[in-house]
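This report describes how two chains meet in a structural model. The sequence and structure come first, followed by the interface and the nonpolar core.

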Number of protein chains: 2
Amino acid sequence: MAAQADRPVVPSDPQAVVTRRRGETLERAIYDAVLDELQRVGLTGLTMEGVAACAHTGKAALYRRWPGKEDLVVDTLDHCLPRVDDLPDHGNLRDDLLDLLRRMAAIMNSRTGCALQTLMSEIDQDHPFARLLKERVFQPRKQWFVALLDRAVERGEVQPGVVTALVAEVGPAMVAQRFHADGPPVPDDYVVSVVDDVVMPLLKP
Amino acid sequence: MAAQADRPVVPSDPQAVVTRRRGETLERAIYDAVLDELQRVGLTGLTMEGVAACAHTGKAALYRRWPGKEDLVVDTLDHCLPRVDDLPDHGNLRDDLLDLLRRMAAIMNSRTGCALQTLMSEIDQDHPFARLLKERVFQPRKQWFVALLDRAVERGEVQPGVVTALVAEVGPAMVAQRFHADGPPVPDDYVVSVVDDVVMPLLKP
């Protein structure tokens, strides 16, 4: 704290703020363009040129940041989905689980969710892009549920031995499957039943 | 019994047997052709002409039985998937569940499963064909798991109040989701864990 107080307070450079804001606006426009293009032409049809045109920018602006379309698409999805470190905290497991599963249902019903669906139906599991997507988008978000359950153990709500990777998968698997089988939207009372009638009884027998 | 014994024993007409066998062989060839065409050109590209050519028969043979390609495709899937009334019976719930989930995993990894995947990625949930597929292929097979659990209740293995449509969905949802997320094959030890660590604890707390 003392070291910080000694430092001179440097006012933000207004020019830098404007530039950064422009950067963020441009980035948002690029991500929007990627989602549009994914739904319009799919991953196969998507090109750096097409995204640049759709975002009203030049190809150079894209290549400055992304080496190719695969990285651009993965970054877009990672950016548009809820952040991995943004865990809900209601102070109890049931409400935390409900919150996270509701967010998941909302994503599935969103523009990003639709783009993701189109993408998943287009690529095989052995497509190199499927691995990239799994490593950088899905796998980290799977940890969400494990982290929620670990916190419930710390709070003393759940016995440590009960929490396994498999049990953490139950809620998200059921919501995802309902979405695949019946399409959007996943009804809220379904999400509530999954929490109250399946996941909670497994965790607190 | 007496009435049957009074009837003269009529030997099978060899000509009728040959005709019936031809009918079954032709039907099998048509179903094979539908699966091939689904994977090659999808539902949109599939035509009665294309299936007839692939099955080395005429269009008339198809139209004699099916009014259009939608009915032909649904009948094919219904025929190639395990029959709805063919429930396993090992005398105990755990082995019955394991058997049914293993069958499900095997189907997902089969040629019919691949054709079904291609189809599902091609049609929207609001496509009229999606409703037909749900009504005639998926919905009756969902009853499999409910029927298994009901039998376990009759045997006295499970308390009646525990069996709900939602609980019956847990096993199939997890196997399906594993397939969607990681592709085929769904590992057998995963199926065993779903039964032993998730479904059985829910049913026999």
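Contact here means heavy atoms within 4.5 Å. This is a predicted model, in which local features need pLDDT of at least 70 and side-chain atom pairs count only at pLDDT 80 or more, while totals for chains, interfaces and linings use all residues. Residues are numbered from 1 along each chain as its sequence is written, chains are lettered from A in the order in which they are written, and side-chain values use heavy atoms, without hydrogens and water.

Chain A and chain B each bring 23 residues to the contact. Between them the buried area (accessible area, 1.4 Å probe, lost when two parts are put together, summed over both) is about 1900 Å². Gln125(B), Leu166(B) and Gln177(B) lose the most area on the chain B side, together 25% of what that side buries.

| Interface item | Value |
|---|---|
| Buried area, chains A and B | about 1900 Å² |
| Share from carbon and sulfur atoms | 67% |
| Distance, closest N and O atoms of Asp182(A) and Lys134(B) | 3.2 Å |

Two salt bridges cross the interface, a salt bridge being a side-chain nitrogen of Lys or Arg within 4 Å of a carboxyl oxygen of Asp or Glu. One of them joins Asp182(A) to Lys134(B).

Val170(A) spans both chains in its contacts: leaving aside residues up to four places away in sequence, Val170(A) touches Val198(A), Val199(A) and Leu202(A), as well as Val170(B), Met174(B) and Val198(B).
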